[in-house]
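Thank you all for making time this morning. Please have a look at the sequence and the structure on the screen before I begin.

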Amino acid sequence: VYFQHNFQQVNSWEKQRVESEMQQDGVTFYTLEEVKQHNTSTDSWLVIHDRVYDISSFLEEHPGGEEVLLEQAGADATESFEDVGHSLDAREMLQQYLIGELHMVHTYSWTTWLIPALAVAAIGLMYRYYLVEQKSS
Ligand code: HEM
């Protein structure tokens, strides 16, 4: 029972830590994974230039039709938004649907170090080879 309690405590600390990281300077950050969950006609979010928009109430009002928006729902629509060449008016409309920003998830793994490590090893070997060549000549 003690361990279970303790585990819950640690869990809630971790939750608080993540939540405070996701809420900085009054900006809420969402991961792309989170955005992906909102991909229906009653609940649709999309990302344009790293900002997250809840466009559920805008679908029917979109001059370009709701079909094209639904195709992008839950995804990064930056490219399609720019391809259309939206007017300044359209860009200003974005603001009222803004709910937060995209949270960049940094993923470091051992492979991050693999290439530099191999490069260092290769240079080391070349240097050794070079010294041996010099000694023998
Ligand atoms: C919340 C985001 C968006 C807003 C506020 C918005 C707003 C608008 C507005 C105001 C127009 C009228 C023309 C103009 O003022 O430029 C328009 C047209 C259009 N939009 Fe969007 N749009 C959004 C997202 C998108 C996306 C993601 C796509 C593409 C998948 C798209 C495709 C179109 C198309 C095809 C038209 C018609 C262009 C035309 O008839 O000339 N829109 N949009």
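I will talk about the ligand and its surroundings, then about two loop residues, and finally about the aromatic pairs.

Please keep in mind that this is a predicted model, in which local features need pLDDT of at least 70 and side-chain atom pairs count only at pLDDT 80 or more, while totals for chains, interfaces and linings use all residues. Residues are numbered from 1 along each chain as its sequence is written, and side-chain values use heavy atoms, with hydrogens and water left out.

Let me start with the ligand, which has 18 residues around it, where a residue counts if one of its heavy atoms lies within 4 Å of the molecule. Those that come nearest are His62, Leu69, His86, Ser87 and Leu94. A side-chain N or O atom of His62 is 2.8 Å from a nitrogen atom of the ligand, and a polar side-chain atom of His86 also lies 2.8 Å from a ligand nitrogen. For Ser87, an N or O atom of the side chain is 2.4 Å from an oxygen atom of the ligand.

Which helices each supply at least two residues of this shell? They are helix H3 (66–72), helix H4 (78–84) and helix H5 (88–94), where a helix is a DSSP run (H or I) of at least four residues, a strand (E) one of at least two, and both are numbered from the N terminus.

Now to the loop between strand E3 (45–48) and strand E4 (51–54), where we find His49, and Asp50 is found in the loop between E3 and E4 as well. Most residues other than glycine have a negative phi. His49, however, has a positive phi of about 50 degrees, and Asp50 has a positive phi of about 65 degrees. His49 is partly exposed, with a relative accessible area of 48%, and Asp50 is partly exposed at 39% (buried means under 20%, exposed over 50%, partly exposed in between, with a 1.4 Å probe and protein chains only).

Lastly, the structure holds two aromatic pairs (ring centres of Phe, Tyr or Trp, the last by its six-membered ring, within 6.5 Å; planes under 30 degrees apart are stacked, over 60 edge-to-face, the rest tilted). Tyr30 and Trp45 form an edge-to-face pair, 4.9 Å centre to centre with 65 degrees between the planes. Because Tyr30 lies in strand E2 (residues 27–30) and Trp45 in strand E3, the pair ties together parts that are 15 residues apart in sequence.

Terms used: Polar contact = N/O pair within 3.5 Å; in protein donor to acceptor, adjacent residues only side chain to side chain.
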